[in-house]
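Student: I am new to this structure and would like a close look at one part of it. Could you walk me through it step by step?

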Amino acid sequence: MLTGVTDGIFCCLLGAPPNAVGPLESVESSDGYTFVEVKPGRVLRVKHAGPAPAPTPPPPLPDTAQGDRSGLVRCQRRITVYRNGRLLVENLGRAPRADLLLGQNGSGEPPASLEVELADPSGSDGRSGPASAASGVVLFFIHGVGGSLAIWKEQLDFFVRLGYEVVAPDLAGHGASSAPQVAAAYTFYALAEDMRAIFKRYAKKRNVIMINGGGPTALEPSFCSIFNMPTCVLHCLSPCLAWSFLKAGFARQGAKEKQLLKEGNAFNVSSFVLRAMMSGQYWPEGDEVYHAELTVPVLLVHGMHDKFVPVEEDQRMAEILLLAFLKLIDEGSHMVMLECPETVNTLLHEFLLWEPEPPPSALTVPPEKK
């Protein structure tokens with residue numbers, strides 16, 4: 001607290017905001033990040049990761065190992081098929097597990113072998129298999145005011161392991177992106193243009209954007225907000241603001257949540273950037289009429305302890321959108337992606353695998369016989 005006050009006094013005397021981040025000259029770094037210049041002198045750090053390389057397939061079995069029938073292999077295996085379509089095959093060797101000792105019919109004799117049909121990975125009906133569900137799909141993860149791409153770490157790692165391509169940028173003035181010292185650089189429209197440039201660079205056949213939500217109301221900065229105070233005053237109050245964010249952004253405020261906040265680099269921006277961001281949230285077009293015209297499926301994930309976005313706003317959003325799913329997480333708050341990563345990952349993955357039923361007009365009707 002004392003350090004923040006001291007820095008604020010020097011800030012007022014020198015007339016320069018602290019913690020200014022200059023433009024970055026490098027294009028690619030050794031730690032897997034890319035630096036994209038969306039405009040001259042405006043550089044964003046981007047985490048871009050693709051699916052892990054496929055393992056080398058095992059050599060084909062000799063003819064003597066083939067079964068009696070074409071397309072079948074006789075082996076001693078335990079096969080588990082998960083809901084998402086993934087297939088797990090365990091080699092039991094000569095020592096079957098205890099849960100298999102009773103046999104399939106309760107006869108008390110373990111099965112000598114299991115017959116597994118070797119199907120075409122693409123499927124007999126011509127549809128792509130589970131591994132191709134992520135083919136051509138890019139997931140964009142966009143953080144909010146005061147955050148960074150690090151808050152999506154659990155989601156980025158999870159979906160890369162599943163074979164998806166992920167893209168997560170640091171907004172201007174956040175994380176390791178450049179921080180222009182002009183307030184106009186942080187308006188809603190300027191940030192939207194940045195994301196448009198990132199989207200054009202990485203977009204593919206199917207693109208899904210993960211972003212924080214709220215009520216379907218037009219954005220307009222509050223003139224009575226604390227963020228309208230001078231930058232130096234905000235810097236003096238930064239420790240209190242960080243504590244308030246921890247209090248409102250997490251359901252609990254223990255050591256774990258503080259560590260998550262630190263690792264996620266959340267609310268670690270300069271006072272100038274924070275003030276400019278909050279003052280630049282002006283988007284009169286974003287009302288209910290705008291959101292009602294969206295025709296793509298939308299998933300809304302809401303932490304019930306969220307003090308920034310009331311649940312009534314997400315409920316209203318679900319009513320306005322043409323096709324929306326609202327999922328509530330009882331133990332989560334505003335930073336639900338950090339608090340409940342497993343739950344969030346499962347919800348997102350199920351949403352990605354969901355396919356809407358075709359409308360009645362799209363169904364082909366066989367012609368009547370004359």
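In which strand is Ile-209 found?

Tutor: Happy to help! Please keep in mind that this is a predicted model. Ile-209 is found in strand β9. With a relative accessibility of 47%, Ile-209 counts as partly exposed, because that value lies between the 20% limit for buried and the 50% limit for exposed residues. Ile-209 also belongs to a nonpolar patch on the surface, which it forms with Phe-199 and Ile-211. Together these three residues have about 280 Å² of accessible area.

Now let us turn from the surface to the interior. In soluble globular proteins, nonpolar side chains tend to be buried together. Here, the largest nonpolar core has 34 residues, and Leu-139, Phe-141, Phe-159, Val-166 and Met-210 are those with the most contacts inside it. Strand β9, which spans 206-211, is one of the elements that give two or more residues to this core. Others include β7, α2 and β8 (165-169). The largest share, five residues, comes from α11.

Val-166 is a good residue to pick out in your viewer. Leaving aside residues up to four places away in sequence, Val-166 touches Leu-139, Phe-141 and Phe-159, among others. Its partners also include Lys-47, His-48 and Ala-49. Apart from this largest core lies another core, of 26 residues, among them Leu-44, Val-138, Phe-140 and Ala-276.

Technical notes:
Residues are numbered from 1 along each chain as its sequence is written. This is a predicted model: local features need pLDDT of at least 70, side-chain atom pairs count only at pLDDT 80 or more; totals for chains, interfaces and linings use all residues. Side-chain values use heavy atoms; hydrogens and water are left out. A nonpolar core is a set of buried Ala, Val, Leu, Ile, Met, Phe, Trp, Tyr and Cys residues joined through side-chain atoms within 4.5 Å. Buried means under 20% relative accessible area, exposed over 50%, partly exposed in between (1.4 Å probe, protein chains only). Helices (H or I, at least four residues) and strands (E, at least two) are DSSP runs, numbered from the N terminus. Contact means heavy atoms within 4.5 Å. Patches are made of residues with over 30% relative accessible area and no salt bridge: like charges are joined within 9 Å, nonpolar side chains (Val, Leu, Ile, Met, Phe, Trp, Tyr) within 5 Å. Accessible areas come from the Shrake-Rupley method with a 1.4 Å probe; for residues, only the protein chains shown count as cover. A salt bridge is a side-chain nitrogen of Lys or Arg within 4 Å of a carboxyl oxygen of Asp or Glu.
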